[in-house]
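Good morning, colleagues. I would like to take you through one structure today, going from its charged pairs to its sheets and its core.

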Amino acid sequence: MTLRLSPTPTFGTTLDGYDAEAVGRELGALEPIPTSDGSLSLQSGAFGEAFHNSAGALNEAKAKFVRPSELNVWSTPSALRVLDVCFGLGYNSAALWDADSAVGFSLQWWGLELDQRPLQLALNHEGFCRLWSASTRSRLQGIQRTGTWSDHSGKGCVLWGDARQTLASIPATQQFDLIFHDAFSPQRCPQLWSEEFLGQLSDRLAPEGRLLTYSRSAAVRASLQRAGLLLRSLLPAPGEREGWSSGTMAVKPPWPRSKQVEGEGWRCFSPLEQAHLLTRAATPFRDPSGHAEASDILRRRVEEQQTCGLETTNSWQRRFGLMKPKRAMP
């Protein structure tokens with residue numbers, strides 16, 4: 001059944017300027033879909049893409065965001081500072097909050113999200129609510145009601161709107177230990193994977209801070225590398241099909257574990273992945289104004305790829321045996 005929920009921007013100062021009709025046009029109809037681990041996800045009619053891997057929304061949150069955060073190896077700071085880009089239904093932060101309760105950090109949390117409807121739908125779904133502790137459900141409900149939450153373990157605020165603009169609303173001095181980046185794929189939502197936006201996120205990382213994303217795009221990785229971050233490859237989530245990579249961890253130097261070969265949920269880049277960064281696929285998405293339409297960003301990238309002189313992706317795939325051989329004609 002297709003769900004058509006209208007946002008209700010009537011709560012709190014964080015919703016100022018929130019354009020419900022524009023959001024509806026940008027994300028389109030939202031259709032609930034099940035994932036293999038039984039957790040709820042959504043399909044965006046406008047983007048033509050699901051919010052999560054079909055192997056499992058909860059599995060993905062734990063494997064690609066919480067596990068490689070490695071909360072158990074951090075020296076307990078006065079506060080754990082977290083930015084969740086494209087908060088969506090809330091899985092990534094909710095899974096972190098439940099994991100964090102066993103570690104005992106004080107939390108300073110910010111979220112960026114275009115649309116209130118995914119969280120509204122999730123909190124109306126009994127199975128989704130059963131996944132979380134009482135304190136995590138309370139935080140999610142606070143975000144739905146007022147855009148904020150506050151309790152004995154910390155406080156948080158979500159900013160509704162285009163993340164390219166709302167990021168600037170966070171005080172310039174605010175740095176983050178963890179940044180979760182979970183936008184729709186770069187080919188569907190290049191605005192949030194541009195060289196400029198990724199550079200802004202990288203600037204917000206504290207020393208040794210980590211940016212985590214499911215994306216293995218060479219364009220995304222190359223942009224993060226040019227921003228001065230150390231790159232690692234994420235391991236697949238339970239039930240996910242094995243591939244040459246399952247996501248990216250980017251770390252702000254200095255990182256005391258930079259010589260480590262692998263850790264919780266991550267490993268060093270393979271030669272295949274290193275070579276991928278030297279192909280046309282690594283041509284960045286560019287959005288200098290921070291206001292470009294997706295079609296313009298994609299068009300400029302194709303034009304740049306045609307003149308860059310780098311190895312083609314097909315050639316790279318053949319070199320590392322990623323292309324299936326064509327069947328001979330009878």
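**Salt bridges, sheets and core**

I begin with a charged pair: the side chains of K64 and E240 form a salt bridge, with 3.0 Å from N to O. Please keep in mind throughout that this is a predicted model. The K64–E240 pair joins distant parts of the chain, since K64 belongs to helix 2 (residues 57-66), while E240 lies in the loop between strand 10 (230-234) and strand 11 (248-251), 176 residues apart. Are these two residues buried or exposed? Both K64 and E240 are buried.

A second pair consists of E264 and R67, whose side chains meet in a salt bridge at 3.2 Å, N to O. This pair, too, links distant parts of the chain. E264 sits in the loop between strand 12 (262-263) and strand 13 (266-267), and R67 in the loop between helix 2 and strand 4 (80-85), with their positions 197 residues apart in the numbering. E264 is partly exposed at 36% relative accessibility, and R67 is likewise partly exposed at 41%.

The third pair is R164 with D162, a salt bridge of 2.9 Å from N to O. Here R164 is buried, with a relative accessible area of 13%, whereas D162 is partly exposed at 26%. What else belongs to this group? D287 does: D162, R164 and D287 are linked in a network of salt bridges. Across the model, the count of salt bridges comes to 16.

Let me turn to the cysteines. How many disulfides are there? The count is 0. C86 may serve as an illustration. The closest cysteine sulfur to that of C86 belongs to C189, at 6.3 Å, and this is too far for a bond because a disulfide requires the two sulfur atoms to be within 2.5 Å. C86 is buried, with a relative accessible area of 16%. C129 also counts as buried, at 16% relative accessibility.

I come now to the sheets. In one of them, 10 strands form an open sheet in the order 6-7-5-4-8-9-11-10-13-12, and the pairing is mixed. Which strands stand at the edges? They are strand 6 (148-151) and strand 12; each has a single partner strand, so one side of each is left without a neighbour in the sheet. Helix 6 (residues 134-146) packs on this sheet, where it touches strand 5 (107-113), strand 6 and strand 7 (154-160). The direction of helix 6 makes about 140° with that of strand 6.

Within this sheet, I would draw your attention to strand 4. Of its 6 residues, 5 are buried, so that the strand is mostly covered. Strand 4 runs parallel to strand 5, and 6 bridges join the two; L83 has W110 in strand 5 as its bridge partner. Strand 4 also runs parallel to strand 8, here with 4 bridges, and D84 stands opposite F180 in strand 8. Continuing along the order, strand 8 (residues 176-181) pairs with strand 9 (residues 205-213) in the parallel sense over 5 bridges. F180 appears again here, with L212 as its bridge partner in strand 9.

There is also an open sheet of 3 strands, in the order 1-2-3, with antiparallel pairing. Strand 1 (30-34) and strand 3 (49-50) are at its edges, and each has a single partner strand, so one side of each lacks a neighbour in the sheet. Strand 2 (residues 40-44) pairs with strand 3 in the antiparallel sense over 2 bridges, and S44 stands opposite E49 in strand 3.

Finally, the core. Which residues of the largest nonpolar core touch the most other members? Of its 83 residues, they are L83, V85, Y91, L140, I143 and L201. L83 we have already met as the bridge partner of W110. For I143, setting aside neighbours within four places in sequence, the contacts are F87, W97, W109, L119, T148, W149, V158 and W160.

To close, three points may be worth carrying back to the structure on the screen. K64 and E240 form a salt bridge and are both buried. The count of disulfides is 0. Strand 4 is joined by bridges to strand 5 and to strand 8, and L83 is among the core residues that touch the most other members. Thank you for your attention.

Terms used
Residues are numbered from 1 along each chain as its sequence is written. This is a predicted model: local features need pLDDT of at least 70, side-chain atom pairs count only at pLDDT 80 or more; totals for chains, interfaces and linings use all residues. Side-chain values use heavy atoms; hydrogens and water are left out. Two strands pair if DSSP finds at least two bridges between them. Buried means under 20% relative accessible area, exposed over 50%, partly exposed in between (1.4 Å probe, protein chains only). A salt bridge is a side-chain nitrogen of Lys or Arg within 4 Å of a carboxyl oxygen of Asp or Glu. Contact means heavy atoms within 4.5 Å. Axes are lines fitted to C-alpha atoms, for helices over the stretch in contact, and angles run from 0 to 180 degrees between N-to-C directions. A nonpolar core is a set of buried Ala, Val, Leu, Ile, Met, Phe, Trp, Tyr and Cys residues joined through side-chain atoms within 4.5 Å.
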